[in-house]
Amino acid sequence: MILVTGAASGIGAALCTILGDQAIGLDRVAPIRGLSCDLSDPSAIFAAAASIKGPLDGIAHVAGLPGTWDADTIIAVNTRAPAALTDALLSKLKDGASIVAVSSVTALRCDWTVAELDALLDFRERSVSSMDGTRAYELSKAALNRWRERTAAALQPRGIRVTTVSPGPVETPIFKDFESSIGADKLANAAKLVGRHGQPQDIAQAIAFLLSDGARWINGSDVKADGGYHAIRAVAGA
């Protein structure tokens, strides 16, 4: 069985369709087959984890908030929730399991150092409450990428793999929020460069692969799923 957060819509729902009976969904709005959980609330995360029966073959941390939310809640859901939920489920994860988290190509814009990201993950960070939502979103994904590295190293003795997928723009129910926080023109230019925006199924397929035994030699890595946007832009700008 594989736990999928953000399962009620978008990429999470598409992944549950691919996984079929393997999926256990978790979302603020309870999925058809799964649990309701407010991922901004640590006590709700622990309660949900306690109710999940093991063993688990994997976890897909898909749930996330865009930059239209306040900074503290963005960090809580995008960064702290995957870490807390993983920790709470470690005893229920099989050796050799796979953990995949959805990051973002916008993490590349974050200018925090590794030491600062570690401080955030260890609750030693400077306050982010005054940070605007767009910057908080970039930070939340950069910190998630650092969490992936740290967790992959920590769980390697058990053969548990930890990877991330970093999408470009994807047409999910919160796409309008990204147009507001990032800029509709920027997103439109990205689509023009690669031919279209991503669809939830595009990202879900990548996650499903990383969860599978076919990706058994991929660990600690980030997979950029942007339709080639960054490569095309790099060549065009060369």
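Select Thr 79 and Ser 140: a polar atom of the Thr 79 side chain sits 2.8 Å from the backbone oxygen of Ser 140. Keep in mind throughout that this is a predicted model.

**Stop 1: around Thr 79**

Stay on Thr 79. It belongs to helix H3, residues 71–89. Is Thr 79 buried or exposed? Its relative accessibility is 1%, so Thr 79 counts as buried. Show its contacts next. Leaving out residues up to four places away in sequence, Thr 79 touches Ile 74, Leu 121, Ser 140, Ala 143 and Leu 144. Now add Arg 124. From Thr 79 to Arg 124 is 45 residues in sequence and 14 Å in space, C-alpha to C-alpha.

**Stop 2: Arg 80 and Phe 123**

Select Arg 80 and Phe 123. Arg 80 lies over the face of the Phe 123 ring, 3.8 Å from the ring centre. Where is Phe 123 placed? Look in the loop between helix H4 (114–121) and helix H5 (133–155). Phe 123 has a relative accessibility of 62%, so it counts as exposed. Check its backbone too: phi of Phe 123 is near 60°, a positive value in a residue other than glycine. Do not hunt for aromatic pairs here or elsewhere; a search of the whole structure finds zero.

**Stop 3: Thr 106**

Move to Thr 106, in the loop between E5 and H4. At 6% relative accessibility, Thr 106 is buried. Add Ser 104. The two side chains, those of Thr 106 and Ser 104, make a polar contact of 2.8 Å. Beyond residues up to four places away in sequence, Thr 106 touches Tyr 137, Glu 138 and Ile 182.

**Stop 4: Thr 163**

Go to strand E6 and pick Thr 163. Its relative accessible area is 0%, so Thr 163 is buried. What does Thr 163 touch, not counting residues up to four places away in sequence? Ile 99, Val 100 and Ala 101 are among its contacts. So are Arg 148 and Leu 210, and the run Ile 218, Asn 219, Gly 220 and Ser 221.

**Stop 5: helix H7**

Leu 210 leads to the next selection. Choose H7, residues 200–211. This helix has 12 residues and spans 16 Å from its first C-alpha to its last, close to the 16 Å expected at 1.5 Å a residue. Colour its buried residues: Pro 200, Ile 203, Ala 204, Ile 207, Ala 208, Leu 210 and Leu 211. Now look down the axis of H7. The buried residues fall within an arc of 160°, so they line one face of the helix. An α-helix has 3.6 residues a turn, so residues three or four places apart point the same way. Then show what covers the buried residues of H7. The cover includes strands E1 (2–5), E4 (56–61), E5 (93–102), E6 (161–167) and E7 (222–225), along with helix H1 (10–19).

**Stop 6: helix H1**

Select H1. How many of its 10 residues are buried? Seven are, and H1 is mostly covered. Pick out Gly 10, Ile 11, Gly 12, Ala 14, Leu 15, Cys 16 and Leu 19. Their cover includes E1, strand E2 (23–27), E4 and H7. Step just past the end of H1 to Gly 20, where phi is positive, about 60°.

**Stop 7: the cis bond**

Finish at Gly 54 and Pro 55. The peptide bond from Gly 54 to Pro 55 is cis, with omega near 0°. Pro 55 sits in the loop between helix H2 (42–51) and E4.

Key:
Residues are numbered from 1 along each chain as its sequence is written. This is a predicted model: local features need pLDDT of at least 70, side-chain atom pairs count only at pLDDT 80 or more; totals for chains, interfaces and linings use all residues. Side-chain values use heavy atoms; hydrogens and water are left out. Helices (H or I, at least four residues) and strands (E, at least two) are DSSP runs, numbered from the N terminus. The expected span of a helix is 1.5 Å times one less than its number of residues. Buried means under 20% relative accessible area, exposed over 50%, partly exposed in between (1.4 Å probe, protein chains only). The arc is that of the directions from the helix axis to the C-beta atoms. Contact means heavy atoms within 4.5 Å. A polar contact is a pair of N or O atoms within 3.5 Å; within protein, one must be able to donate a hydrogen and the other to accept it, and residues adjacent in sequence count only if both atoms are side-chain atoms. Rings of Phe, Tyr and Trp (its six-membered ring) pair if their centres lie within 6.5 Å; planes under 30 degrees apart count as stacked, over 60 as edge-to-face and the rest as tilted. A charge sits over a ring if NZ of Lys or CZ of Arg is within 6 Å of the ring centre and within 35 degrees of the ring normal.
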